[in-house]
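Work through these exercises with the sequence and the 3D view side by side. Try each task before reading its solution.

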Amino acid sequence: MKGRWILHIDIDAFFAAVEKLLHPSLQGKPVIVGGLPHERGVVSTASYEARKYGVHSGLPLQKAYQLCPQGVFLRGNYQIYEAFSEKFFRLLSGYTPDTEKASMDEAYLDLTRCRILYPFFSRTLQEIHRRIQKELGLSVSIGAASNKLLAKLATAQAKPGGVVEIEPEREKEFLKNLDVENLPGVGPKAQAILRMLNVHKIGDLQGFPRATLHSLFGLNGKELYLQARGIDSRPVVTSSVPRSISRETTFLKDIWNQRLLLAHLAYLCDRLVLPLRQKGLFAHVIEVTARYSDFCTETRRKTLLTPLQERGEIFSAAHDLFLDLFPSSRNSLRLVGVKASELVEGKPLSLFEPYSPKQEKLGGAVEQVREKYGFGSLLTIREKMLEDLYTLKKDRGFVLKTASLTK
Ligand SMILES: [Mg+2]
């Protein structure tokens with residue numbers, strides 16, 4: 001194969017597959033991971049059996065139950081999934097250092113630099129496929145092509161459990177017959193416009209000149225023009241710096257009490273600080289999300305002068321954003337979340353040091369205890385207050401203990 005050798009590797013129905021592996025009695029059953037049917041969260045992963053009923057990731061659990069009442073609903077165990085994910089990436093990085101973690105169960109590999117080691121490309125694909133199946137016990141799909149866009153499109157064709165390789169001479173033909181919504185640049189809005197123009201296949205889109213797409217879709221039009229031709233020069237990014245880290249909670253009952261919500265926000269900020277510290281990352285942007293009882297969702301973000309990692313500083317930024325979102329107690333919230341993004345490695349240089357070294361030392365000590373004994377082992381006064389109101393569930397967030405508090 002000429003050009004770059006890019007692989008996209010994705011474990012099929014990851015969380016559900018791990019559950020089936022650990023509990024063989026679940027084989028062949030519609031497994032839905034994310035929470036119990038009466039809970040208010042969303043589906044994280046649905047097994048292929050559950051997908052037949054229309055259940056998919058992101059669907060509210062209660063809706064999933066309506067569609068598939070016979071489904072096996074599980075809250076899931078994220079520590080176990082993490083362990084499988086680590087094993088997955090360890091296996092892959094044995095093939096090339098050019099490995100990108102797209103998500104817990106999804107990777108891009110660039111074998112271009114190592115191609116001398118793999119003279120029989122197709123055989124290497126089959127070997128990786130077999131080894132993941134054998135060593136992790138999980139079904140995986142692999143797409144291979146000359147860039148990330150095409151490799152990912154190939155994986156979608158390979159699912160579940162297959163390997164699809166697109167040789168450069170076959171790229172054009174492969175793209176032509178795919179539905180246009182397979183392209184990442186085609187969201188629901190673009191899809192509606194394209195449908196009106198009678199554009200269904202990527203081949204139909206290839207007929208549009210760049211200027212026409214630009215006038216129809218603005219900046220996104222330029223991207224669409226390239227995507228329709230299978231052009232994608234994005235490199236495989238090996239850095240382990242994630243794009244963002246976020247923590248959120250869907251409450252069992254809507255909450256209007258502002259003090260309680262702020263205490264919960266403080267708890268989420270603390271949970272956010274742990275992975276930041278573990279990875280040595282600092283956040284340039286803090287974002288707070290609130291979802292009201294009518295499902296209307298609003299976010300506020302703040303770009304910081306100096307990137308942050310310290311718990312007090314992150315909470316102070318989140319606190320201001322939250323008050324901006326939630327100025328009064330007129331509405332109640334069903335979800336609150338906090339996100340750190342534009343992350344950078346290492347401590348940035350700053351002219352200002354608003355927090356003392358003493359405070360930083362204290363933060364480090366708190367995180368060390370939590371890393372070793374779990375988040376709930378050490379609680380701040382604010383969290384202790386929350387704990388009195390909630391049952392602290394091992395790193396999965398709080399579950400409301402006293403329903404009357406929300407009245
Ligand atoms: Mg997957």
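A salt bridge is a side-chain nitrogen of Lys or Arg within 4 Å of a carboxyl oxygen of Asp or Glu. The structure holds 19 salt bridges. This is a predicted model, in which local features need pLDDT of at least 70, side-chain atom pairs count only at pLDDT 80 or more, and totals for chains, interfaces and linings use all residues. Residues are numbered from 1 along each chain as its sequence is written, and side-chain values use heavy atoms, with hydrogens and water left out.

**Exercise 1.** Find the salt-bridge partner of Lys-148, then decide whether each of the two residues is buried or exposed.

Solution.
- Step 1: Lys-148 pairs with Glu-100, and their closest N and O atoms are 2.8 Å apart.
- Step 2: Place both ends. Lys-148 sits in helix α6 (residues 148-158) and Glu-100 in strand β5 (residues 99-103), so the pair links distant parts of the chain, 48 residues apart. Helices (H or I, at least four residues) and strands (E, at least two) are DSSP runs, numbered from the N terminus.
- Step 3: Apply the cut-offs: buried means under 20% relative accessible area, exposed over 50%, partly exposed in between (1.4 Å probe, protein chains only).
- Step 4: Lys-148 has 4% relative accessibility, so Lys-148 is buried. Glu-100 has 9%, so Glu-100 is buried.

**Exercise 2.** Describe how strands β10 and β11 are arranged.

Solution.
- Step 1: β10 covers residues 281-292 and β11 covers residues 297-308.
- Step 2: They pair in the antiparallel sense over eight bridges. Two strands pair if DSSP finds at least two bridges between them.
- Step 3: The two strands form a hairpin with four residues between them. In the turn, Phe-295 has a positive phi of about 75°.
- Step 4: Check one position: Val-288 stands opposite Arg-300 in β11.

**Exercise 3.** Which residues form salt bridges with Arg-300 and Arg-301?

Solution.
- Step 1: Arg-300 forms a salt bridge with Asp-324, with 3.1 Å between the closest N and O atoms. Asp-324 lies in helix α13 (residues 311-325) and Arg-300 in strand β11, so this pair ties together parts 24 residues apart in sequence.
- Step 2: Arg-301 meets Glu-342 at 3.8 Å, N to O. Arg-301 lies in strand β11 and Glu-342 in strand β12 (residues 333-345), so this pair ties together parts 41 residues apart in sequence.
- Step 3: Check accessibility. Arg-300 is partly exposed at 27%, and Asp-324 is partly exposed at 46%. Arg-301 is partly exposed at 48%, and Glu-342 is partly exposed at 45%.
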